[in-house]
Amino acid sequence: MVANKKARTNPPYELLYWPGIPGRGEFIRLAFEAAGVSYKDTANESEDGITEVTSLIDASSTGTSGNPPPFAPPALRIPGAGPNDTPLIIYQTPSILSYLGPKLSLAGSNEAEAQWILSHTLTALDLNNEAHDTHHPIAVSKYYEEQKEESLKKAQDFREARIPKFLGFFERVLKGNEEKGQGKYLVGDKLSYADTTLWNVLSGLLFAFPKEMEARKSDYKLLFGIFYDGVKEASGVKEYLASDRRKPFSMGVFRHYPELDRQ
């Protein structure tokens with residue numbers, strides 16, 4: 001399935017996610033872009049695309065084309081990949097990445113590397129979720145302003161304890177793979193979806209907690225001295241980040257509230 005970037009017509013994959021924000025759909029987009037494989041970003045590419053997303057998760061839905069209903073976006077629709085050549089619909093970010101990884105040549109060179117890549121991806125997504133919880137520590141359904149006091153406490157612990165724990169771990173992973181990966185890859189000697197996933201989380205943290213991250217960068221020389229810029233400049237990723245398909249961080253998972261950053 002790996003190919004050079006081709007025209008975005010009749011793509012083999014359809015991403016179903018909310019329009020206008022990177023969100024968790026960005027982890028899927030980055031994998032496609034890094035692999036140079038065309039895909040349809042339905043809600044961002046058509047005016048009524050959001051209907052495709054909301055219909056999948058409607059409270060009355062019991063599924064479609066033999067697929068169970070997704071719990072929440074992102075979801076991936078693959079024409080002809082389901083039973084009897086029906087569309088296959090899968091959801092949950094790590095599930096989608098695990099499915100796509102081998103098809104996009106982003107899942108390592110053997111079974112051991114594939115499992116390490118999935119494990120690192122799940123860990124990076126844990127960090128992603130904890131970042132989200134700094135501005136919604138009590139209830140996702142409530143506004144940030146309704147839980148601001150709790151957010152201040154949550155963000156302090158996140159900055160002081162959780163960020164260094166996660167960053168320290170990934171620095172050690174890069175160090176352990178330095179002979180093969182030269183600080184550029186978490187696993188093996190080529191880009192994987194674990195790399196693009198971690199990169200997006202780091203990018204979000206730099207947006208949401210710029211002062212905290214700036215103060216800590218020098219403690220992680222491989223992570224920020226080699227890895228971060230290496231993924232950013234990777235073929236496909238670089239071009240995507242310069243395009244209008246890349247949506248800026250705003251009010252999604254990563255939000256910049258100055259009061260939650262280092263003071």
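How many cavities of 30 Å³ or more does the count come to? Just one, and we'll get to it after a few other stops.

**Start with confidence.** What you have open is a predicted model, so colour the protein chain by pLDDT before anything else. The mean is 95, and 96% of the residues reach 70 or more. Now select residues 1-9: over this stretch the pLDDT is below 50. Leaving aside near neighbours in sequence, residues 1-9 have 27 contacts in the model.

**Next, select residues 12-108.** According to an unreviewed UniProt entry, this range carries the annotation "domain: GST N-terminal". Switch to a cartoon view here: residues 12-108 are 35% helix and 13% strand. Put a distance label between the end C-alpha atoms of that range and you should get 22 Å.

**Now show Y13 and F32 as sticks.** A search of the whole structure finds nine aromatic pairs, and this is one to look at. The ring centres of Y13 and F32 are 5.1 Å apart with the planes at 35 degrees, so this pair counts as tilted; stacked would need planes under 30 degrees apart, and edge-to-face over 60. Follow the backbone from each ring: Y13 sits in the segment before β1 (14-16), while F32 belongs to helix α1 (residues 25-35). The pair therefore ties together parts that are 19 residues apart in sequence.

**Turn on the surface and find the largest pocket.** It holds about 380 Å³ of space. To centre your view, select R24, P73, Q92, T93 and N129, which are the closest to the pocket's centre among its 16 lining residues. Then colour α4 (93-103) and α5 (111-133), since each of these helices supplies at least two residues of the lining. Which helix gives the largest share? That's α5, with five residues. Colour the pocket lining by class and you'll see ten nonpolar, four polar and two charged residues.

**Last stop: the cavity.** Rolling a probe the size of a water molecule over the atoms shows where empty space is left. Hide the surface and select I21, P22, G23, R24, F27, N128, N200, F249, S250, G252, V253 and F254, the residues that line the largest cavity. The space inside is about 70 Å³. By class, the cavity lining has six nonpolar, five polar and one charged residues. Keep R24 highlighted as you go: R24 lines this cavity, and R24 also turned up in the list for the centre of the largest pocket.

Definitions and conventions: Residues are numbered from 1 along each chain as its sequence is written. This is a predicted model: local features need pLDDT of at least 70, side-chain atom pairs count only at pLDDT 80 or more; totals for chains, interfaces and linings use all residues. Side-chain values use heavy atoms; hydrogens and water are left out. pLDDT is the predictor's confidence in each residue, from 0 to 100. Contact means heavy atoms within 4.5 Å. On a 1 Å grid over the protein atoms alone, a cavity is a set of points where a 1.4 Å probe fits but cannot get out, and a pocket is an open set with protein on both sides within 12 Å along at least five of seven lines; lining residues have an atom within 4 Å of a point. Grid points are joined across faces, edges and corners, and a volume is the space filled by probe spheres set on the points. Helices (H or I, at least four residues) and strands (E, at least two) are DSSP runs, numbered from the N terminus. Ala, Val, Leu, Ile, Met, Phe, Trp, Tyr, Cys and Pro count as nonpolar, Asp, Glu, Lys and Arg as charged, and the others, Gly among them, as polar. UniProt positions are given in the numbering used here, feature names are shortened, and annotations may be inferred rather than shown by experiment. Rings of Phe, Tyr and Trp (its six-membered ring) pair if their centres lie within 6.5 Å; planes under 30 degrees apart count as stacked, over 60 as edge-to-face and the rest as tilted.
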